[in-house]
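Here are two exercises to work through with the model open. Try each task before you read its solution.

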Amino acid sequence: LLYGIFLLRELSDRTRDELIGLGERLSVPILHGHFQDLGLDSTRLSALEMMKTDDRFGNARLDLEHSADRFRELDLQSNSLFIMEGFVGTTEDGTPTTLGRGGSDLSAAYVASFLQADVLEKWTDVDGMMTANPAVVPTAQVIRELSYNEAMELCHFGAKVVYPPTVATLADVGIPLHVRKTDDPESKGTLVLAA
């Protein structure tokens, strides 16, 4: 793919989507193999099969009905741990796409809504949503609980922990979002839910 880009001296949005989605697509088989090595019952799902989009390369929109149908076909009664890429999908003809900025979180929100999940947990490198940017305000505190609207306001004022369309998607179906710190699994984080 890179050699083709080099030869053509051109990078279309379609080719860019295929290229930047590769990291996400490579991480899942690695994680799946690691889980199996640990003896965990894991099932690998392919976002390229499950997440159907339009052809707005670089910022594709999910075909909600078609994608939801794919998830309804899953047997979720097993004890399996399901693993799937975020951020990527494909057009109806199988051409790889990406969901754009915040696409991994947005993918998770869509899947949570398709599966009617009790909660969506987002594990990240910060303790949760904060009262201010801790790099600027050292006394900033974690906000333990927020409404969807309050979280959206923080996002619009610069909080980068959560992408606004993710919050909006969850708010539409009433699924809480729990933001937690990967390095501190005992931390309470921030819970975003209806007011």
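**Exercise 1. Place strand β5 in its sheet.**

Task: start from K122 and find its bridge partner in β7, then work out where β5 stands in the sheet.

Solution, step by step:

- In this predicted model, K122 has V179 as its bridge partner in β7.
- Go back along the strand and you'll see L120 opposite L177 of β7.
- Count up the links: five bridges join β5 (residues 120–124) to β7 (residues 177–181), and the two strands run parallel.
- Now zoom out. The open sheet has four strands in the order β5-β7-β8-β6, with mixed pairing.
- β5 and β6 (145–147) each have a single partner strand, so they stand at the edges, with one side of each lacking a neighbour in the sheet.
- Helix α7 (residues 148–156) packs on the sheet, touching β6 and β8 (190–193), and its direction makes about 90° with that of β6.
- Last, check the side chains of β5: L120, K122 and T124 point to one face and are buried, while E121 and W123 point to the other and aren't.

**Exercise 2. Find what K52 touches.**

Task: which side chain makes a polar contact with the side chain of K52, and how far away is the nearest side chain of opposite charge?

Solution, step by step:

- Find K52 in the loop between α4 (47–50) and α5 (64–72).
- Look for opposite charge: E92 is the nearest such side chain, at 5.8 Å. A salt bridge needs 4 Å or less, and K52, though buried, has none.
- Try polar partners instead: the K52 side chain makes a polar contact with the T90 side chain (2.7 Å) and reaches the backbone oxygen of L48 at 3.3 Å.
- Beyond four places in sequence, its contacts include R61, D63 and H66.

Terms used:
Residues are numbered from 1 along each chain as its sequence is written. This is a predicted model: local features need pLDDT of at least 70, side-chain atom pairs count only at pLDDT 80 or more; totals for chains, interfaces and linings use all residues. Side-chain values use heavy atoms; hydrogens and water are left out. Buried means under 20% relative accessible area, exposed over 50%, partly exposed in between (1.4 Å probe, protein chains only). Lys and Arg count as positive and Asp and Glu as negative; His and the chain ends are not counted. A polar contact is a pair of N or O atoms within 3.5 Å; within protein, one must be able to donate a hydrogen and the other to accept it, and residues adjacent in sequence count only if both atoms are side-chain atoms. Contact means heavy atoms within 4.5 Å. Two strands pair if DSSP finds at least two bridges between them. Axes are lines fitted to C-alpha atoms, for helices over the stretch in contact, and angles run from 0 to 180 degrees between N-to-C directions.
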